[in-house]
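Student: I should like to go through this model and ask, for each label, what justifies it. May we begin with the pockets?

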Amino acid sequence: MTIADRTLVLYGEGVRETARRMLPKLPDGCFVPIDPERLRAAVKDGLAQVVLVAGMEEQATFLGGAAGLLESITLDMDCGPALAGRVARAPRVLDVYELWQGAGKLGPCGRELCRRTAGELERLSADVAGMASSPVAAQVVLVDAAGVRMVGMYGRMAR
């Protein structure tokens with residue numbers, strides 16, 4: 001069994017083709033919309049690697065919602081209290097994307113969002129497998145607001 005046979009690519013709304021372009025060697029059957037239940041089933045079936053390709057809103061939702069999360073990332077990436085305050089008051093996740101981009105902080109903040117999302121994917125995988133650490137390597141790709149290009153990434157490769 002190859003690593004491609006044990007890889008799951010979860011993709012966000014409208015980014016299936018973007019995910020396919022990023023991972024052209026994987027078979028179509030590896031690509032499914034974001035679904036925690038599909039991840040759980042795949043872990044039980046011996047999944048080795050999960051790749052999530054999504055925008056900010058879907059990653060924030062996967063992590064339990066944007067409230068406090070995006071402000072925390074802004075502070076943790078040393079963007080300062082002024083930007084963190086604007087992020088906290090932003091009415092939409094897309095507004096936060098634009099704030100980070102305008103401040104020149106989309107790169108580090110986007111990577112941190114991906115890091116946290118990868119951590120949650122691995123935590124969930126470890127829980128499903130009944131292990132202390134994840135048997136699944138998680139990679140997360142943040143796409144731009146149009147869902148076309150990668151603007152952040154974090155993760156580890158499967159062994």
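Tutor: Certainly. The second largest pocket has a volume of about 170 Å³. It is lined by 13 residues, and Asp5, Arg6, Thr7, Arg38 and Leu47 are the closest to its centre. Please keep in mind that the model is predicted.

Student: Which elements supply at least two residues each to the lining of the second largest pocket?

Tutor: Strand 1 and helix 2 (36-44) each do so. By class, that lining has six nonpolar, three polar and four charged residues.

Student: What volume does the largest pocket have, and what lines it?

Tutor: The volume of the largest pocket is about 240 Å³. Its lining has 14 residues, with Gly55, Met56, Glu57, Asp144 and Ala145 nearest the centre. Helix 3 and helix 6 are the elements that give two or more residues to this lining. Eight of the lining residues are nonpolar, two are polar and four are charged.

Student: Why is cysteine 109 not counted in a disulfide with cysteine 79?

Tutor: A disulfide requires two cysteine sulfur atoms within 2.5 Å. The sulfur of cysteine 109 lies 3.6 Å from that of cysteine 79, the closest cysteine sulfur, and this is therefore too far for a bond. By this rule the count comes to zero disulfides.

Student: Why is cysteine 79 called buried?

Tutor: The label applies under 20% relative accessible area. Cysteine 79 has 13%, so it is buried. Cysteine 109 has 0% and is therefore buried as well.

Student: What makes alanine 103 partly exposed?

Tutor: Partly exposed covers the range between the buried cut-off of 20% and the exposed cut-off of 50%. Alanine 103 has a relative accessibility of 36%, so it counts as partly exposed. Alanine 103 lies in the loop between helix 6 and helix 7 (106-129). Its C-alpha is 36 Å from that of lysine 25, and the two are 78 residues apart in sequence. Glycine 104, just after helix 6, takes a positive phi of about 75 degrees.

Student: How do you know that strand 3 is mostly covered?

Tutor: Six of the six residues of strand 3 (residues 49-54) are buried. Gln49, Val51 and Val53 point one way, Val50, Leu52 and Ala54 point the other way, and all are buried. In a regular strand the side chains alternate between the two faces of the sheet.

Student: What makes strand 1 and strand 3 a pair?

Tutor: Pairing needs at least two bridges between the strands. Strand 1 (residues 7-11) and strand 3 have five bridges, in the parallel sense. Tyrosine 11 stands opposite valine 53 in strand 3. Strand 3 also pairs in the parallel sense with strand 4 (residues 137-143), over six bridges. There, alanine 138 in strand 4 is the bridge partner of valine 50.

Student: Which residues of helix 5 are buried, and what do they pack against?

Tutor: In helix 5 (residues 81-89), Leu83, Ala84, Gly85 and Val87 are buried. The buried residues of helix 5 pack against helix 4 (69-76) and helix 6 (93-102).

Student: Which residues of helix 6 are buried, and where do they pack?

Tutor: Val93, Asp95, Val96, Tyr97 and Trp100 are the buried residues of helix 6. They pack against helix 3 (56-62), helix 4, helix 5, helix 7, strand 4 and strand 5 (150-155).

Terms used. Residues numbered from 1 in each chain as written. Predicted model: local features only at pLDDT ≥ 70, side-chain atom pairs only at ≥ 80, totals over all residues. Heavy atoms only, no water. Buried < 20%, exposed > 50% of the residue type's maximum accessible area, 1.4 Å probe, protein only. Helix = DSSP H or I, 4+ residues; strand = E, 2+ residues; numbered from the N terminus. Contact = heavy atoms within 4.5 Å. 1 Å grid on protein atoms, 1.4 Å probe; cavity = no way out; pocket = protein on both sides within 12 Å on 5 of 7 lines; lining within 4 Å. Points joined across faces, edges and corners; volume = space filled by probe spheres on them. Nonpolar A, V, L, I, M, F, W, Y, C, P; charged D, E, K, R; others polar.
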